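Let's get to know a structure together through a few short exercises. Keep the model open beside you and try each task before reading its solution.

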Amino acid sequence: MRAWTCHGRNQKELVERLCQASIIKTPVVKQVMEMVDRGNYVPQNPYRDAPQAIGKGQTISAPHMHAYALEEFAPHLKGKDNLKVLDVGSGSGYLTAALGRWCSSILSGTNKVFGIDVQPYLVDQTINNMRKADGDLLDSGVVKVSVGDGWKGLKEAAPFDAIHVGAAADGMPFELASQLKEGGVMIIPIGSQSEVQSLYKIERMKVSEEMDADGKLNPDDFKVTTLLGVRYVPLVRPE
């Protein structure tokens with residue numbers, strides 16, 4: 001079994017097949033994905049291991065992509081508390097909710113997940129979907145969702161321990177990367193719609209005051225790892 005073939009009849013079966021394919025490898029990721037039912041976030045075919053339309057040309061990522069992202073976060077979040085996590089392009093709200101469950105049910109301390117999307121109707125969709133079974137995350141303040149420009153992040157809540165980006169940037173979003181704290185990690189697809197895209201893990205190893213010659217972040221502060229080839233809708237810029 002491999003990615004794109006891990007279809008299930010329900011959330012538990014979907015997660016079990018992702019485990020069989022060794023896409024889900026850690027118990028905590030299995031637990032988190034079992035806690036949030038994709039059926040509450042996808043109008044059709046929620047348990048197929050493929051992207052699904054959520055309206056106006058936008059999609060929710062395939063379940064295996066959510067699993068890959070959560071697996072990359074796992075070693076960085078383990079044993080920590082008082083975390084702040086940013087989900088850029090929250091879309092249907094599934095991964096925002098999954099991160100919220102991780103922060104509220106597994107990690108200790110006062111942890112916060114911030115979901116932003118440039119499209120107001122998607123912010124409403126996130127909230128409405130979460131209200132079906134995960135509304136306690138909103139009521140408790142663990143998860144906060146708002147309209148925001150993913151290229152600029154959420155400066156007022158930074159710095160973040162983890163940032164997930166659910167749409168492809170056509171270049172490095174420097175302002176967003178600057179909002180990682182030292183030791184923080186960002187999972188982001190990069191590449192235009194006309195070229196091969198890749199999923200990257202960007203770790204902030206240190207925070208320097210010096211900028212490079214173009215006034216951008218010091219590249220020596222970051223470790224960049226290419227994870228796999230992907231295909232995502234574009235990270236939209238506000239009109």
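The exercises below go through cores, ring pairs, charges over rings, and empty spaces.

Before starting, note that this is a predicted model, in which local features need pLDDT of at least 70 and side-chain atom pairs count only at pLDDT 80 or more, while totals for chains, interfaces and linings use all residues. Residues are numbered from 1 along each chain as its sequence is written, and side-chain values use heavy atoms, with hydrogens and water left out.

**Exercise 1. Find the residues with the most contacts inside the largest nonpolar core.**

Step 1: Recall the terms. A nonpolar core is a set of buried Ala, Val, Leu, Ile, Met, Phe, Trp, Tyr and Cys residues joined through side-chain atoms within 4.5 Å. Buried means under 20% relative accessible area, exposed over 50%, and partly exposed in between (1.4 Å probe, protein chains only).

Step 2: Look inside. The largest core has 50 residues, and M33, L70, F73, L99, W102 and V143 have the most contacts within it. Elements that each supply at least two of its residues include α3 (63–77), α4 (94–106) and β7 (180–190); helices (H or I, at least four residues) and strands (E, at least two) are DSSP runs, numbered from the N terminus.

Step 3: Look beyond it. Another core lies apart, with 23 residues, among them V88, I116, W151 and L235.

Step 4: Zoom in on F73. Leaving aside residues up to four places away in sequence, F73 touches L99, W102, A162, I163, H164, V185 and I187, where contact means heavy atoms within 4.5 Å.

**Exercise 2. Describe the aromatic pairs and say which parts they link.**

Step 1: Set the rule. Rings of Phe, Tyr and Trp (its six-membered ring) pair if their centres lie within 6.5 Å; planes under 30 degrees apart count as stacked, over 60 as edge-to-face and the rest as tilted. The count comes to two.

Step 2: Take Y41 and Y94. They are edge-to-face, 5.7 Å centre to centre with 85 degrees between the planes. Y41 lies in the loop between α2 and β1 (52–55) and Y94 in helix α4, so the pair ties together parts that are 53 residues apart in sequence. Both Y41 and Y94 are buried.

Step 3: Take F114 and F160. This edge-to-face pair has 6.0 Å between centres and 70 degrees between planes. F114 belongs to strand β4 (residues 112–117) and F160 to strand β6 (residues 160–165), 46 residues apart. F114 counts as buried at 13% relative accessibility, and F160 is buried at 0%.

**Exercise 3. Which ring does the charged end of K56 sit over, and which does R237 lie over?**

Step 1: A charge sits over a ring if NZ of Lys or CZ of Arg is within 6 Å of the ring centre and within 35 degrees of the ring normal.

Step 2: K56 sits over Y121, 4.4 Å from the ring centre. R237 lies over the face of W151, at 3.7 Å from the ring centre.

**Exercise 4. Which residues are closest to the centre of the largest cavity?**

Step 1: On a 1 Å grid over the protein atoms alone, a cavity is a set of points where a 1.4 Å probe fits but cannot get out; lining residues have an atom within 4 Å of a point.

Step 2: Of the 30 lining residues, G89, S90, G91, D117 and G166 are the closest to the centre. β2, β3 (84–88), α4 and β4 each give two or more residues to this lining.

Technical notes. 1 Å grid on protein atoms, 1.4 Å probe; cavity = no way out; pocket = protein on both sides within 12 Å on 5 of 7 lines; lining within 4 Å.
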